[in-house]
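Student: I have a structure open and would like to learn how to read its strands and packing. Could you walk me through it?

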Amino acid sequence: MATSLMTRVKARVDLHTSNRARGLIQGRGRSLFKGSGEDFDDLKYYQPGDKISDIDWKATARSGEPLIRQFNEERVRHLSIVADTSSAMAATAADGTSKRDAMILAAGMICFLAQKNGDLVGMVAGDEDRPVQLPSRSSDGHLELLLRTAQQTTTTASPPADSSWLLERAFRVTTHSTLMTIITDEAHPTVEDFTLLRRLKTRHDLLVIRIADADPLQGGALDHDVVDVGSPREIASLARTSKRVAHDVESYRRARREGIAEMLDRLHISHMLTQGETTVVDDMIALLRAREYRHASS
């Protein structure tokens, strides 16, 4: 019998690491879930550092002073995973592993930590022709189905990435306030998705996990063919060995990475760019620790 994906995730996340990560979503770490999985309690005056998404605009208009909603924590929190299952995610990551495998490990870690705390996890994925939506649940069977669905939906035959459609669908179908983790590649979300992300942020607490692409030229490995999954064709050896092409490609990728990072920073969305399956767990721990520090300092 094949080993379950959740079992593989748990095996990859050793006890020490999982305990460190778990501490980030308990105790002081509950700030990670502020505004999601909580009951409304009262209004208070806005203070610097409070979340803009917690402002009650109607009460603010009536009082003339900015007021925010306070919440009492519920026992059950809601988490959502927005998975890019396009053909691009079936390609190779920067560390030589599969971007799909890195995505499954990242999603599995979210599921693993959530399950330990009795939290519920749902998923939005797929494309316009074959949308995927799984409700928020916490059973072993549900979490395994979630990971299997993301894995099986992500193939080289999948449609190209459409981050605008995916974010719009996530907003429409995920009506409960959640901690929403968007898992995609280094090219997404695009800077054109600024408005969609800003709208999502009014309802959800967002995390963006981006998985870096492998060098598209692989100039040092000419004995291996390189195929662009976005428009399947082999990249010519002449282009792969050209210094000018290599310079132009790297300049383009750097500008794209910096543009996306600047957009996410401007929206105050926690984000990371990981090299692949070999680095994603440590990078997620670092991301959650940074979020905890910012919440504790605010």
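Student: Let's begin with β4 and β5. How many bridges join β4 to strand β5, and do they run parallel or antiparallel?

Tutor: The general idea comes before the case. Strands of a sheet pair through backbone hydrogen bonds, and the pairing is either parallel or antiparallel. In this predicted model, β4 and β5 (residues 131-137) run antiparallel and are joined by five bridges. To pin the register, take methionine 123, whose bridge partner in β5 is leucine 134.

Student: How many residues does the hairpin use to join β4 to β5?

Tutor: Four residues carry the chain through that hairpin.

Student: And which way does β4 run against strand β3, parallel or antiparallel?

Tutor: Parallel: β3 (residues 78-83) and β4 are joined by five bridges. Leucine 79 gives you the register here, with valine 121 as its bridge partner in β4. Between the two strands, look for helix α4 (residues 99-116), since β3, α4 and β4 make a β-α-β unit, and that unit is right-handed.

Student: How many residues of strand β4 are buried?

Tutor: Seven of its seven residues, 120-126, are buried, so by the cut-off of under 20% relative accessible area the strand is mostly covered. Compare strand β8 (residues 270-274), which has two faces: Ser270, Met272 and Thr274 lie on the covered one, while His271 and Leu273 lie on the uncovered one.

Student: What is the order of the strands in the open sheet?

Tutor: Read across, the six strands go β5-β4-β3-β6-β7-β8, and the pairing is mixed. The edges are β5 and β8, each of which pairs on one side only. On average, neighbouring strands are turned by 15° against each other, with direction ignored.

Student: How does strand β7 pair on its two sides?

Tutor: With strand β6 (residues 179-185), β7 pairs in the parallel sense over seven bridges. Threonine 184 stands opposite arginine 210 of β7 in that pairing. With β8, β7 (residues 205-211) is again parallel, over five bridges, and isoleucine 211 has threonine 274 in β8 as its bridge partner.

Student: Now the helices. Which strands does α5 lie across?

Tutor: Helix α5 lies across β3, β4 and β5, and runs at about 165° to β5. A good residue to click on is leucine 143, which is found in α5 (residues 140-153).

Student: Why does leucine 143 count as buried?

Tutor: Leucine 143 counts as buried because its relative accessibility is 1%, and the cut-off is under 20%. Leaving aside residues up to four places away in sequence, leucine 143 touches Met6, Cys111, Gln115, Val121, Arg137 and Ser138. You met Val121 earlier as the partner of leucine 79. Also, the C-alpha atoms of leucine 143 and leucine 120 are 9.4 Å apart, with their positions 23 residues apart along the chain.

Student: What about rings? How many aromatic pairs does the structure hold?

Tutor: Zero aromatic pairs. Do look at phenylalanine 171, though: the charged end of arginine 199 sits over its ring, 4.2 Å from the centre. Arginine 203 also lies over the face of phenylalanine 171, at 4.1 Å from the ring centre.

Student: Finally, what are the totals for the protein chain?

Tutor: The secondary structure comes to ten helices and eight strands. Of the 298 residues, 47% count as buried. Among contacts with a separation of 6 or more, 75% come from residues 24 or more positions apart.

Terms used:
Residues are numbered from 1 along each chain as its sequence is written. This is a predicted model: local features need pLDDT of at least 70, side-chain atom pairs count only at pLDDT 80 or more; totals for chains, interfaces and linings use all residues. Side-chain values use heavy atoms; hydrogens and water are left out. Buried means under 20% relative accessible area, exposed over 50%, partly exposed in between (1.4 Å probe, protein chains only). Two strands pair if DSSP finds at least two bridges between them. A crossover is right-handed if, with the strands pointing away from the viewer, the path from the first strand over the helix to the second runs clockwise. Rings of Phe, Tyr and Trp (its six-membered ring) pair if their centres lie within 6.5 Å; planes under 30 degrees apart count as stacked, over 60 as edge-to-face and the rest as tilted. A charge sits over a ring if NZ of Lys or CZ of Arg is within 6 Å of the ring centre and within 35 degrees of the ring normal. Contact means heavy atoms within 4.5 Å. Axes are lines fitted to C-alpha atoms, for helices over the stretch in contact, and angles run from 0 to 180 degrees between N-to-C directions.
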